Structures are given as structure tokens and as C-alpha cells.
Amino acid sequence: MDIQEKIRQQIDADPVVLYMKGTPDFPLCGFSAAVVQVLRRCGLKDFAAYNVLEDEALRQGIKEYANWPTIPQLYVKGEFIGGADIVREMYESGELQELLREAGVLA
């Protein structure tokens with residue numbers, strides 16, 4: 001299986017998927033930590049997270065998949081949402097919480 005197919009399967013397997021540096025409990029960059037913090041502030045406790053530092057093919061492949069050059073990358077219901085700045089702005093406006101409610105992952 002090629003990396004693009006693997007990514008597609010990962011994104012389809014869970015309603016919320018975060019590609020990040022490190023893990024939710026131990027983020028290894030400030031931007032990844034910021035997205036995890038925003039998701040937790042929304043009340044989301046359970047989401048899939050993939051550490052791109054463990055797999056160079058995944059690290060490069062996810063950038064190509066979304067045509068987005070940076071990590072972290074957030075996906076909700078298979079849709080690319082954005083990186084840290086976009087996620088933070090969406091949270092501050094309430095748009096992220098609404099998106100997560102519509103996706104059925106928040107009450």
C-alpha cells in the first residue's frame with residue numbers, strides 16, 4: 001500500500017484525525033501542542049493522532065495529501081480543516097465547536 005492510500009485509510013477510520021509532531025500527551029512542537037489544547041478545550045477527549053516524526057514517508061506524504069506544507073494538520077470527517085493558526089481562529093470564533101458538533105463528536 002502506498003503512503004497516500006494509508007493516509008486516506010487513517011483519515012477515513014476516525015471522525016477526528018490530527019497529524020502532529022509528537023503525541024497528544026507529549027507534543028514536540030508548539031503548533032502541535034496548540035491544536036491539541038484547542039481540541040481539548042472544545043471538550044474532545046478522543047481523537048486519532050499520528051506522530052509524523054516516527055515515519056518520514058508519512059511526514060512528507062501528508063503534506064502532499066492536503067497540498068499543505070506544514071504540520072500539524074487537522075481532519076474532521078475526512079475533510080482537511082487546516083493547521084494551528086486556522087484551528088485557533090476557528091476555535092475563537094466558535095466555528096470549530098460547531099463543526100465538531102455537526103460531525104457528531106461533541107454533545
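In which helix does Q10 lie? In this predicted model, Q10 is found in helix α1, which comprises residues 3–13. Q10 is classed as buried because its relative accessible area is 10%, a value that falls under the 20% cut-off applied to buried residues. When neighbours within four places in sequence are left aside, the residues in contact with Q10 are V17, Y19, Y50 and L58.

The protein as a whole contains five helices and four strands, and these elements follow one another from the N terminus in the order α-β-α-β-α-β-β-α-α. For a chain of 107 residues, a compact globule would be expected to have a radius of gyration near 13 Å, and the value of 13 Å computed for the protein therefore agrees with that expectation. Along the principal axes, the C-alpha atoms fill a box of roughly 35 × 25 × 20 Å. Among the contacts with a separation of 6 or more, 58% are made by residues that stand 24 or more positions apart.

With regard to burial and surface, 42% of the 107 residues count as buried, while the protein exposes about 5800 Å², of which carbon and sulfur atoms supply 48%. The charges comprise 11 positive and 17 negative ones, and the mean positions of these two sets are 5 Å apart.

In soluble globular proteins, nonpolar side chains tend to be buried together. In the present model, the largest nonpolar core consists of 21 residues, and those with the most contacts inside it are L18, L39, L74, V76, L96 and L100. At least two residues of this core are supplied by each of β1 (16–20), α2 (30–41), β3 (73–76), α4 (84–93) and α5 (95–102), with α2 giving the most, namely four residues. The surroundings of L18 can be described in detail: with residues up to four places away in sequence not counted, L18 touches V35, V36 and L39, then F47, A48, A49 and Y50, and finally P72, Q73 and L74. Apart from the largest core lies another, made up of eleven residues, among them V17, A48, L58 and I62. Of these, V17 and L58 are also in contact with Q10, and A48 is one of the residues touched by L18.

Several backbone features occur in the loops on either side of β3. The loop between α3 (56–66) and β3 holds P72, and the peptide bond leading from I71 to P72 is cis, with omega near 15°. P72 is also included among the residues touched by L18. The loop between α3 and β3 is likewise the place of N67, a residue other than glycine whose phi nevertheless has a positive value, near 55°. N67 is classed as exposed because its relative accessible area is 68%, which is over the 50% cut-off for exposed residues.

A positive phi, near 50°, is found in K77 as well, again in a residue other than glycine. K77 belongs to the loop between β3 and β4 (79–82), and its relative accessible area of 56% places K77 in the exposed class.

Methods: Residues numbered from 1 in each chain as written. Predicted model: local features only at pLDDT ≥ 70, side-chain atom pairs only at ≥ 80, totals over all residues. Heavy atoms only, no water. Rg over C-alpha atoms; globule rule 2.2 N^0.38 Å. Buried < 20%, exposed > 50% of the residue type's maximum accessible area, 1.4 Å probe, protein only. Contact = heavy atoms within 4.5 Å. Areas by Shrake-Rupley, 256 points an atom, 1.4 Å probe, with all protein chains shown as cover. Lys, Arg positive; Asp, Glu negative; His and termini not counted. Charge placed at Lys NZ, Arg CZ, Asp CG, Glu CD. Core = buried A, V, L, I, M, F, W, Y, C linked by side-chain atoms within 4.5 Å.
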